[in-house]
Amino acid sequence: MSEKNFYITTPIYYPSGKLHIGSAYTTIACDVLARYKRLMGYDVFYLTGLDEHGQKIQSKAEEAGVSPQAYVDGMAASVKELWELLDISYDKFIRTTDDYHEEVVAAVFEKLLAQDDIYLGEYAGWYSVSDEEFFTESQLAEVFRDENGKVTGGIAPSGHEVEWVSEESYFLRLSKYQDWLADFFKSQPDFISPDSRMNEMLKNFIEPGLEDLAVSRTTFTWGVPVPSNPKHVVYVWIDALLNYATALGYGQDNHANFDKFWNGTVYHMVGKDILRFHSIYWPIILKMLDLKLPDRLIAHGWFVMQDGKMSKSKGNVVYPEMLVERYGLDPLRYYLMRSLPVGSDGTFTPEDYVGRINYELANDLGNLLNRTVAMINKYFDGQVPSYQENVTDFDASLAEAAEQAVADYHKYMEAVDYPRTLEAVWNLIARTNKYIDETAPWVLAKDESKREQLASVMSHLAASLRLVAHMIEPFMMTTSRAVLEQLGMEPVASLENLALADLPTGLTVVAKGTPIFPRLDMDEEIAYIKEQMSAGKPAADKVWMPEEVELTLNRKEIKFDDFDKVEIRVAEVKEVSKVAGSEKLLQFRLDAGDGEDRQILSGIAKFYPNEQELVGKKVQIVANLKPRKMLGHISQGMILSAEHGDNLTLLTVDDSVPNGSLIG
């Protein structure tokens with residue numbers, strides 16, 4: 001096994017509705033680990049994707065009036081767009097409708113059937129379409145009975161309704177491998193984290209006795225047909241779980257990635273609700289196939305609301321797009337990784353979200369950077385002094401705190417304990433802020449004989465911020481690079497061998513630092529988030545579907561009065577600049593002919609790397625949009641553009657057209 005090959009996977013998400021911050025959490029958490037491992041010298045393969053088969057998908061597509069394939073195609077495009085927004089550095093996006101995956105699933109089913117690990121029988125029991133899972137009567141959270149006491153239905157532990165299903169089915173012989181799995185768990189105490197989840201699987205599911213699992217259905221067709229008996233389709237938990245192997249090339253001609261990464265270190269990260277399938281069914285399937293088991297299953301809790309689990313019907317769902325659009329990507333990534341305790345659920349509140357931005361990002365980190373850049377400019381004309389040890393009475397204690405922070409950082413990153421990882425970084429930030437108060441550089445600056453001490457303080461501040469920027473790189477890439485850029489340093493290339501004393505020489509800070517996290521108006525932003533959460537409550541008869549599908553179905557004509565409300569005008573670009581803290585946004589100052597310049601923010605930076613070429617251009621803007629705040633800046637409209645393939649071009653007009661001209 002190569003210790004430097006690392007394979008990390010998210011669960012493949014079930015595309016039955018729009019993904020909220022719970023799915024964003026898992027995907028970002030895996031992304032953080034993938035980025036960390038790459039910066040620690042690992043060859044990393046990061047997999048995510050969609051689980052696209054099953055009765056629920058077939059039903060959703062029927063409700064939407066499209067084929068199941070059209071439905072999942074639209075969902076896949078929507079999820080990929082979200083992962084791009086969240087800057088997810090995945091290496092492959094698998095869909096269980098991919099041809100190669102379906103072929104391997106069919107072959108594996110026949111292989112297990114031939115070796116008698118799968119057999120044909122008949123299933124009769126309670127089935128939840130939403131959970132894609134069978135339940136015994138004793139497993140139901142609630143049972144419905146008629147006036148004679150006969151059971152007529154019930155509620156699964158998930159809260160979804162069940163229905164009685166009686167049909168021919170193939171079964172997976174879980175019971176045959178019960179003792180083997182129990183012994184494996186006891187011999188590998190680190191296989192599942194946190195520890196409590198391992199005990200839960202043993203006590204609640206394995207030791208009471210494993211029942212053979214129904215692994216085919218005949219009541220719907222949207223799935224992989226069993227080759228030797230095509231009236232059956234393969235049940236989701238064989239189909240879905242095999243994605244982790246097929247994505248690497250298992251069972252295919254090109255299996256180099258499988259040989260490389262499956263024989264390296266393999267981590268699966270899942271929500272606690274699907275741990276049973278990953279810790280019981282998946283190891284047994286791998287044992288049947290004589291394949292190595294994953295090294296670790298990480299089962300995290302949920303983000304819940306103060307009134308319970310997120311639910312569209314409650315109107316308390318938080319979608320990541322809204323938070324990124326309003327506050328930027330890095331605050332979302334920071335909040336999610338800092339706020340979910342390992343092994344338990346976390347509670348999302350608008351107050352906590354805005355508070356962490358203001359107090360931890362703006363006050364603690366942002367203010368430290370602003371003060372440091374300002375003082376180096378003021379006292380040393382922007383030149384960072386070279387690093388020297390033990391010049392002031394407080395240098396050694398700061399160096400000690402930095403060394404401890406780095407050690408804790410790596411310890412907790414390896415444990416995938418992100419709250420403690422970030423706590424270690426913020427301990428160094430707090431200690432560095434205290435160091436400023438202890439050394440009082442404004443006092444040292446008044447005494448020429450203290451010049452060496454003042455220089456040491458400035459270099460220690462820059463060195464500490466360098467460590468902070470390096471350690472937050474897997475979490476907040478834009479912020480990391482913005483900190484280093486303001487200090488005149490290169491982006492992070494490695495997280496190995498971090499030390500305070502390794503401050504590069506000859507650094508020049510920016511002439512004027514820009515706040516990387518402008519302070520927010522607490523009351524205004526809390527109200528905004530609450531309003532957006534309520535706005536997400538769907539109509540009772542609304543079937544949610546991705547925009548791509550919805551547009552295909554609903555290319556409705558609109559009345560002229562609706563179109564006439566949109567005011568499109570010609571505006572001249574007077575100034576344009578990048579927005580601090582964002583890799584995507586450009587800030588425009590435009591003359592729209594109404595006597596006052598207006599400001600518009602547009603996420604087109606990657607399409608115009610030399611943004612100054614836009615100065616003087618006459619563009620088309622939607623002039624009567626309600627202003628909105630983005631990253632602390634007000635945007636007063638929208639600049640129109642045309643997308644073609646992977647490119648985007650702003651819509652311009654001839655220079656002779658006067659500013660403010662109405663387009664219609």
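In which helix does Val236 lie? In this predicted model, Val236 belongs to helix α7, which spans residues 236-239. With a relative accessibility of 6%, Val236 counts as buried, and, when its neighbours within four places in sequence are left aside, the residue is in contact with Asp51, Glu132 and Leu241. Of these partners, Glu132 stands 104 residues away from Val236 in sequence, although the two C-alpha atoms are separated by 7.1 Å in space.

The domain assignment divides the chain into domain 1 (5-106 + 237-300), domain 2 (112-186 + 194-217), domain 3 (362-487) and domain 4 (560-663). Between the centres of domain 1 and domain 3, taken over C-alpha atoms, the distance is 39 Å, and the contact between these domains involves 13 residues of domain 1 and 12 residues of domain 3. The size of an interface is often given as the accessible area lost when the parts come together. For domain 1 and domain 3 the buried area is about 1100 Å², 63% of which falls on carbon and sulfur atoms. Val32, Arg35 and Tyr36 together account for 47% of the area that domain 1 buries against domain 3, more than any other three residues.

Polar interactions also cross this interface, where 6 residue pairs in polar contact are counted between domain 1 and domain 3, both residues of each pair being at pLDDT 80 or more. On the side of domain 1 that touches domain 3, at least two residues each come from α1 (21-39), β13 (265-271) and β14 (296-300). Helix α1 gives the most to this side, with 7 residues, and the residues of the side as a whole comprise 9 nonpolar and 4 charged, with no polar ones. A single salt bridge, 1 by the rule applied, is found across the interface of domain 1 and domain 3. Lys37 and Glu414 form a salt bridge in which the closest N and O atoms are 3.0 Å apart.

Side chains of opposite charge can pair when their charged atoms come close. The structure holds 32 salt bridges, among them that of Asp31 with Arg35, whose closest N and O atoms lie 2.8 Å apart. Because Asp31 and Arg35 are 4 residues apart in helix α1, about one helical turn separates them. Asp31 is buried, with a relative accessible area of 0%, and Arg35 is likewise buried, at 14%. A second salt bridge joins Arg38 to Asp91, with 3.4 Å between the closest N and O atoms. Arg38 lies in helix α1 and Asp91 in the loop between α3 (68-85) and β3 (92-95), so this pair ties together parts that are 53 residues apart in sequence. Both partners are partly exposed, Arg38 with a relative accessible area of 28% and Asp91 with one of 40%.

The side chains of Arg589 and Asp597 also meet in a salt bridge, at 2.2 Å from N to O; Arg589 is partly exposed at 29% relative accessibility, as is Asp597 at 41%. Salt bridges that share partners further connect Asp31, Arg35, Asp87 and Arg333 into one network.

Thr479, in turn, is placed in helix α18, residues 477-486. This residue counts as buried at 3% relative accessibility, and, residues up to four places away in sequence not being counted, Thr479 touches Asp330, Leu365, Ile472, Ile516 and Phe517.

Technical notes
Residues numbered from 1 in each chain as written. Predicted model: local features only at pLDDT ≥ 70, side-chain atom pairs only at ≥ 80, totals over all residues. Heavy atoms only, no water. Domains from an automatic or database assignment. Contact = heavy atoms within 4.5 Å. Buried area = accessible area lost by both parts, 1.4 Å probe. Salt bridge = Lys/Arg side-chain N within 4 Å of Asp/Glu carboxyl O. Polar contact = N/O pair within 3.5 Å; in protein donor to acceptor, adjacent residues only side chain to side chain. Nonpolar A, V, L, I, M, F, W, Y, C, P; charged D, E, K, R; others polar. Buried < 20%, exposed > 50% of the residue type's maximum accessible area, 1.4 Å probe, protein only.
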